[in-house]
Amino acid sequence: MRRPLVAGNWKMHGSREGSRALVGAILEGLGPGAGAEVAVCPPFVYLADVQEALGGGPVALGAQDLCPVPGEGAHTGEVSGRMLAEFGCRYVIVGHSERRSLYGEDDATVARKFLAAREAGLRPILCVGERLEEREAGVTEQVVARQLDAVLQCEDGLEGLREAVIAYEPVWAIGTGRTATPGQAQEVHAFIRARVGERDPGLAEGLRILYGGSVKPENAAELFAQPDVDGGLIGGASLRADSFLAICRAAG
Ligand code: PGA
């Protein structure tokens, strides 16, 4: 059985005080014995505050990105996986479409980040997904396969997936209010699982594949009910405790 995961991607939002308040409200609303695993991914500069506010409780901490170079070195502006681990991060998002499209990250860079996360003992949340024109051109599976294979082809890539999570996020659904239908999500999730399954069926069976892209309290339950959808990566709706909590409850 795969335990669902709901991870909030706060992106470049919030403030120190607001982050603490949001975490407080999430912890209060979640209560004990939640079915799904819950994580929050604040901006780097709020990690220390959020770690403290989480207090080692049931909600896990994640970061939104990391440097592809492990350890430390002359990389102005970068943050390494080791540094993130020091703040108690369990997860780190790699290859988010905003990193790919706005900051020029290609598949090879994303694969390096994936491996750097693994080396630091973090669990990568590897984001994949097609752009609207790619869906319309009927090449969704090719795009997702290419993004996935960039990691699978690396030495240790397949092994790294054991600890990792994949997030399928169609670019046209991110922040647009236009969600993939449960059927569209399921189709791509099943494709991803099958592709990993060609190399290691047992690993594929245990692999958590999240859906991301305009998940809201109103559509979460239907998406999470799909057999290959194991939770969600939530942007906008994770910035308010009430909507985030409703989505967490929908996951189990
Ligand atoms: P959204 O973002 O929920 O605001 O669409 C999802 C994401 O980018 O991870």
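1. A polar contact, as the term is used in this note, is a pair of N or O atoms within 3.5 Å, and within protein one of the two must be able to donate a hydrogen and the other to accept it. By that rule the side chain of Arg2 makes a polar contact with the side chain of Asp230, at 2.9 Å. The structure discussed here is a predicted model, and the points below should be read with that in mind.

2. Arg2 deserves a little further description. This residue belongs to the segment that comes before β1, and with a relative accessible area of 17% Arg2 is buried. Besides the contact with Asp230, the side chain of Arg2 reaches the backbone oxygen of Glu205, at 2.7 Å.

3. As for the overall fold, the secondary structure of the protein consists of twelve helices and eight strands. The C-alpha trace spans about 45 × 45 × 35 Å along its principal axes. A compact globule of 252 residues would have a radius of gyration near 18 Å, and the 17 Å found for the protein agrees with that expectation. Of the 252 residues in the protein, 53% are buried.

4. The ligand is surrounded by 13 residues, and the closest of these are Lys11, His96, Glu169, Gly175 and Ser214. Sorted by class, the shell around the ligand holds four nonpolar residues, seven polar residues and two charged residues.

5. Several short distances link the protein to oxygen atoms of the ligand. From His96, a polar side-chain atom lies 2.6 Å from an oxygen atom of the ligand, whereas in Ser214 a polar backbone atom is 2.7 Å from a ligand oxygen. Gly236 also takes part through its backbone, with an N or O atom that lies 2.8 Å from an oxygen atom of the ligand. Taken alone, the ligand exposes 280 Å², and the protein buries 95% of that area.

6. Lys11, already named among the residues closest to the ligand, is also worth a look for its backbone. The phi angle of Lys11 is near 50 degrees, which is a positive value in a residue other than glycine. Lys11 is located in the loop between β1 (5–9) and α1 (16–30). Its relative accessibility is 19%, and since buried means under 20%, Lys11 counts as buried.

7. Asp156 offers a second case of positive phi, at about 80 degrees, although Asp156 is not a glycine. This residue sits in the loop between α7 (140–152) and α8 (157–161). With a relative accessible area of 43%, Asp156 is partly exposed.

8. The cysteines raise a separate question: how many disulfides does a search of the whole structure find? The search finds zero. A disulfide is a covalent bond between the sulfur atoms of two cysteines. For Cys67, the closest cysteine sulfur is in Cys89 at 15 Å, which is too far for a bond. For Cys154, the closest cysteine sulfur is in Cys67 at 16 Å, again too far for a bond. As to their surroundings, Cys67 is buried, with a relative accessible area of 5%, while Cys154 is partly exposed, with a relative accessible area of 23%.

Key: Residues are numbered from 1 along each chain as its sequence is written. This is a predicted model: local features need pLDDT of at least 70, side-chain atom pairs count only at pLDDT 80 or more; totals for chains, interfaces and linings use all residues. Side-chain values use heavy atoms; hydrogens and water are left out. A residue is near a molecule or strand if one of its heavy atoms lies within 4 Å of it. Accessible areas come from the Shrake-Rupley method with a 1.4 Å probe; for residues, only the protein chains shown count as cover. Ala, Val, Leu, Ile, Met, Phe, Trp, Tyr, Cys and Pro count as nonpolar, Asp, Glu, Lys and Arg as charged, and the others, Gly among them, as polar. A disulfide is a pair of cysteine sulfur atoms within 2.5 Å. Buried means under 20% relative accessible area, exposed over 50%, partly exposed in between (1.4 Å probe, protein chains only). Helices (H or I, at least four residues) and strands (E, at least two) are DSSP runs, numbered from the N terminus. The radius of gyration is taken over C-alpha atoms; the globule rule is 2.2 Å times the number of residues to the power 0.38.
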